[in-house]
Amino acid sequence: MLHALICKPVSYFTYARRFLHSSTAPLIKETGLYGFEHLKAPKGFQRMVDDAIERSDELVKYIAGMPSPPEIIKAMDEVSDTVCTVIDSAELCRHTHPDRDFVDEASKATLRMNEYIHHLNSNPSLYHAVIKAEQNPHMLSEEAQRAAHYLRIDLEKGGIHLSAEKLDRVNQLNMEVVQLCRKFNENIITDPGQVDIFPASRIPKKLHHLTKTIYRPSSVASQKSAGTDCNLKERGLRLVTEPDALCSILQLASDAEVRKLAYIGGNSSPRANLVVLDKLLDARHEFSEIMGCNSYSEFALKENMASSPEVVMSFLHDMSKMVRPKAEEEFKKILEFKRANSGLLVEDLEPWDEPYFTRMMKSSAHSLDYSVVASYFSLPQCIEGLKVLAESLFGVRCHEIPLGPGESWHPDVLKLSLYHPDEGDLGYLYLDLKSRKGKHPICAHFAIRGGRRISETDYQLPIIALVCNFSGPNFASVQLHHSDVETLFHEFGHAVHSLLSRTDYQHFSGTRVVLDFAETPSNLFEYYAWDYRVLRKFAKHNSTGDLIPEKLVESLVGAKKMFAATELQRQVFYTLIDQTLHTLKPSSISNTISIVADLKREHTSWKHVEGTHWHTRFSHLVTYGAGYYSYLYAKCFAATIWQKTCQEDPLSLDTGSALRSKLLQHGGAKDPAIILNDLVGNCATRNQNGGIVPDVTSLAMEMKLLD
């Protein structure tokens with residue numbers, strides 16, 4: 001199925017990390033959105049769709065004539081490139097453009113192109129041509145052989161090899177799944193939940209900006225004590241429990257009842273997604289059965305390193321057992337701290353206690369003032385940090401270049417070119433990092449255009465966009481929490497993967513790798529956000545200009561390590577939810593709430609709160625679909641790469657050369673196990689029951705989980 005391999009969404013943290021390309025270089029003269037001439041106006045998306053379909057039809061006709069195997073693969077790759085030009089541009093526009101007309105036209109373009117992709121996926125001429133190419137490997141390069149294999153597999157994932165009746169049902173289910181996924185994510189945005197707190201004084205003043213003032217009639221007792229005025233009203237605050245606001249309340253509100261109300265309100269919305277998720281799981285399971293699989297998880301994992309749900313579940317249970325003792329030790333420390341600081345007879349910890357008390361414990365143990373930390377990470381300085389990384393590691397300069405009239409979608413957008421003194425321009429990077437009204441609340445990497453070899457001398461340079469939502473009154477005054485810095489570096493890891501890959505086919509450009517390898521570079525780059533040798537290169541106080549003190553960084557690292565096992569255990573739990581729901585048959589999933597509650601009791605020390613259903617706002621269930629385990633894979637791989645390749649001298653050109661030549665430049669054109677073996681030796685992976693799992697030794701050593 002071309003759509004799956006070309007434009008499969010990955011997650012809301014990394015949504016659209018596989019999206020690619022265009023065919024025109026960025027221009028300084030008057031142009032359209034992203035440098036596309038057609039996009040000078042919203043209706044230009046219609047023209048883009050028309051042109052893409054016309055060109056793709058020409059290529060399909062050429063492929064149907066059965067040219068040589070190399071020409072088949074090259075033409076198929078151009079079809080992919082042409083289709084993605086529209087879809088990727090439209091997806092970026094839908095998530096970021098402040099003009100509603102542009103957003104609406106982008107949405108229409110996406111729907112039209114999805115319909116066309118279904119037409120491509122059911123074209124037997126394409127399927128037969130790809131089979132011909134795959135059956136003549138002696139005529140293909142190694143990368144072309146790999147492309148032929150994955151093109152065939154992807155077309156078969158769309159059901160092209162099935163009977164007409166089954167194919168028709170598969171197409172119906174695919175459209176149903178797309179609609180349900182979109183509905184699930186829309187519900188998260190439109191119904192984030194809310195809670196009303198009376199009186200307003202129960203919420204700290206520093207959090208009032210997250211709330212809206214409301215009133216209710218005063219209680220009878222209050223009215224009597226105030227006199228005979230029955231029009232007295234009590235002032236309260238309404239908190240919309242979207243994730244960032246909920247996180248702030250849980251961390252900073254000292255009133256336990258306020259935290260409880262916020263926790264329950266935030267984790268019992270959107271209720272409509274309980275039904276949406278049931279329908280989605282049913283549709284995915286029926287689809288997988290038609291495709292000859294026992295579960296959707298089996299279908300989704302076949303071509304990944306893991307290869308089967310059994311391998312993943314075995315890996316997850318091993319991780320759960322490994323982290324449990326340390327996580328339980330951390331749980332007891334939080335409970336003891338609560339008892340010592342509450343002044344009451346405390347019997348147990350509640351889920352809404354964890355963010356509040358762990359923040360207090362970190363601040364107390366390491367003398368951390370998070371507002372002081374943020375003063376060293378203004379957004380302009382953090383962008384300088386990205387430039388430092390690129391130049392130190394890869395010898396490339398990130399030049400800010402002017403945007404042509406019409407090219408940008410907002411005045412806050414910056415554009416960088418990556419320039420190497422010997423190789424010239426390597427690619428282009430848009431940065432849209434500040435929050436604004438109407439902007440989708442995501443942190444994501446969009447590959448507007450993927451790299452590919454056009455001829456012996458010409459290479460199509462990649463164009464990437466990084467989108468984040470850092471808040472502040474204006475661009476220069478935005479100050480990042482250190483967790484935001486980590487997020488920015490994570491996304492930059494995806495960007496350099498896309499910008500520095502040099503593959504013959506856009507099919508394998510950058511992050512277009514098997515799913516359980518895709519997050520490895522991004523997780524690796526998170527390490528750079530914690531290393532003092534890196535931070536001292538750019539982290540400066542916004543008033544004094546002083547470099548960040550080493551002791552402050554040591555405190556940050558120490559605070560991070562305090563509850564690292566609890567955080568890892570949480571990721572294992574989330575992954576088990578995803579894997580379990582996509583492995584069980586619908587007849588076994590009578591109640592997703594009870595399944596999630598049982599997993600929480602079995603794999604964590606924390607209780608499930610009746611009436612809550614946190615998983616209905618867990619967008620990774622729809623965007624990853626049995627693939628969320630890839631974050632844990634990446635965490636293990638990144639720990640090994642950091643320790644074996646980067647830790648000794650993280651900013652050296654030698655380190656960067658190894659990362660670029662052995663990891664980043666290959667994109668998906670090479671088997672990930674071979675890439676890892678070339679980079680760090682045979683200590684990154686191990687074989688298990690016919691699949692590949694990460695070696696956990698480096699991560700376990702880093703977190704002190706081994707005896």
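Visitor: Where is the place of A539?

Guide: Let's start with the helices, which are DSSP runs of H or I with at least four residues, numbered from the N terminus. Two of them, α19 (532-535) and α20 (550-562), flank this spot. The place of A539 is in the loop between α19 and α20.

Visitor: What should I know about the model itself?

Guide: It's a predicted model, where local features need pLDDT of at least 70 and side-chain atom pairs count only at pLDDT 80 or more, while totals for chains, interfaces and linings use all residues. Residues are numbered from 1 along each chain as its sequence is written, and side-chain values use heavy atoms, leaving out hydrogens and water.

Visitor: Is A539 buried or exposed?

Guide: Buried means under 20% relative accessible area, exposed over 50%, and partly exposed in between, using a 1.4 Å probe and protein chains only. A539 has a relative accessible area of 0%, so A539 is buried.

Visitor: Which residues is A539 in contact with, leaving aside its neighbours within four places in sequence?

Guide: Contact means heavy atoms within 4.5 Å. S378 is 161 residues apart from A539 along the chain, yet their C-alpha atoms are separated by 8.1 Å. As for contacts, A539 has Y376, F377, D546, L547 and I548.

Visitor: Which residues touch the most other members of the largest nonpolar core?

Guide: A nonpolar core is a set of buried Ala, Val, Leu, Ile, Met, Phe, Trp, Tyr and Cys residues joined through side-chain atoms within 4.5 Å. This one has 195 residues. The ones touching the most other members are Y34, M319, F377, F489, F492 and Y528.

Visitor: Which helix gives the largest share of this core?

Guide: The largest share comes to 11 residues. They belong to helix α3 (residues 69-96).

Visitor: How do α3 and α4 lie to each other, roughly parallel or roughly antiparallel?

Guide: Their axes, lines fitted to C-alpha atoms over the stretch in contact, are 8 Å apart. Angles run from 0 to 180 degrees between N-to-C directions, and α3 packs against helix α4 (residues 100-121) at about 150 degrees. Under 35 degrees counts as roughly parallel, over 145 as roughly antiparallel, 65 to 115 as roughly perpendicular and the rest as oblique. So α3 and α4 are roughly antiparallel.

Visitor: And how is α13 placed against α14?

Guide: The axes of helix α13 (residues 309-342) and helix α14 (residues 354-366) come within 10 Å. They cross at roughly 85 degrees, which means α13 and α14 are roughly perpendicular.

Methods: Helices (H or I, at least four residues) and strands (E, at least two) are DSSP runs, numbered from the N terminus.
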